[in-house]
Amino acid sequence: MKKLYSQMSREELEHEMKTLREDIERAEFPSQKAVLESKYETAKSYTLDPADFPPGLYKVHNVQLPFHVVYLNGIMAWGTLDGREEASFPLSMLTRFQP
């Protein structure tokens, strides 16, 4: 049985991310690619330090609206998009907003 990402070592996560990247390249259907990309972002988030993501304004990969992080829960950042719509994203999808 395969381990959960939260149970994997950094080396195991890096190997999993490499495998997922290869699978993404070979994906035949957009839905297949989207699922693999989501798995990749989740695995990558486990390699990041949540302390590096304080509350504040962030840009989210492939999302046009600014994301205001209110709090973190594990590898997920929770907050609002454009100050209105509640949302959450894996930490790996966030980049600190540069005005």
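**Figure 1. Arg 21 and the ring of Tyr 40 in the predicted model**. Arg 21 lies over the face of Tyr 40, and the distance to the ring centre is 4.4 Å. Tyr 40 is one of the buried residues of helix 2.

**Figure 2. Helix 1, residues 10-26, and its buried face**. Helix 1 has 17 residues, which at 1.5 Å a residue should span 24 Å; the C-alpha atoms at its ends are 25 Å apart, in agreement with that value. Leu 13, Glu 16, Met 17, Leu 20 and Ile 24 are the residues shown as buried in this helix. Viewed down the helix axis, the buried residues fall within an arc of 105°, so they line one face of helix 1. An α-helix has 3.6 residues a turn, so residues three or four places apart point the same way. On the face turned away from the buried side are the exposed residues Glu 11, His 15, Lys 18, Glu 25 and Arg 26.

**Figure 3. Helix 2 and the elements that cover its buried residues**. Helix 2 comprises residues 30-45. Its 16 residues reach 22 Å from the first C-alpha to the last, close to the 22 Å expected at 1.5 Å a residue. Buried in helix 2 are Leu 36, Tyr 40, Glu 41, Ala 43 and Ser 45. The cover over these residues includes helix 1 and strand 4, residues 85-90. From the other side of the pairing, the buried residues of helix 1 pack against helix 2.

**Figure 4. The aromatic pair Tyr 71 and Trp 78**. Three aromatic pairs are found in a search of the whole structure. In the pair of Tyr 71 and Trp 78, the ring centres are 6.3 Å apart and the planes are at 5°; the pair is therefore stacked, planes under 30 degrees apart being counted as such. Both residues are partly exposed: Tyr 71 has a relative accessible area of 44%, and Trp 78 has one of 30%. Tyr 71 belongs to strand 2, which covers residues 67-73.

**Figure 5. Asn 62 in the loop between strand 1 and strand 2**. The loop that holds Asn 62 connects strand 1, residues 56-60, with strand 2, residues 67-73. Asn 62 counts as exposed because its relative accessibility is 67%, the cut-off for exposed being over 50%. The side chain of Asn 62 is in polar contact with the side chain of His 61, at 3.2 Å. Between Asn 62 and Asp 23 there is a C-alpha to C-alpha distance of 20 Å, with the two residues 39 apart in sequence.

Conventions: Residues are numbered from 1 along each chain as its sequence is written. This is a predicted model: local features need pLDDT of at least 70, side-chain atom pairs count only at pLDDT 80 or more; totals for chains, interfaces and linings use all residues. Side-chain values use heavy atoms; hydrogens and water are left out. Helices (H or I, at least four residues) and strands (E, at least two) are DSSP runs, numbered from the N terminus. The expected span of a helix is 1.5 Å times one less than its number of residues. Buried means under 20% relative accessible area, exposed over 50%, partly exposed in between (1.4 Å probe, protein chains only). The arc is that of the directions from the helix axis to the C-beta atoms. Contact means heavy atoms within 4.5 Å. Rings of Phe, Tyr and Trp (its six-membered ring) pair if their centres lie within 6.5 Å; planes under 30 degrees apart count as stacked, over 60 as edge-to-face and the rest as tilted. A charge sits over a ring if NZ of Lys or CZ of Arg is within 6 Å of the ring centre and within 35 degrees of the ring normal. A polar contact is a pair of N or O atoms within 3.5 Å; within protein, one must be able to donate a hydrogen and the other to accept it, and residues adjacent in sequence count only if both atoms are side-chain atoms.
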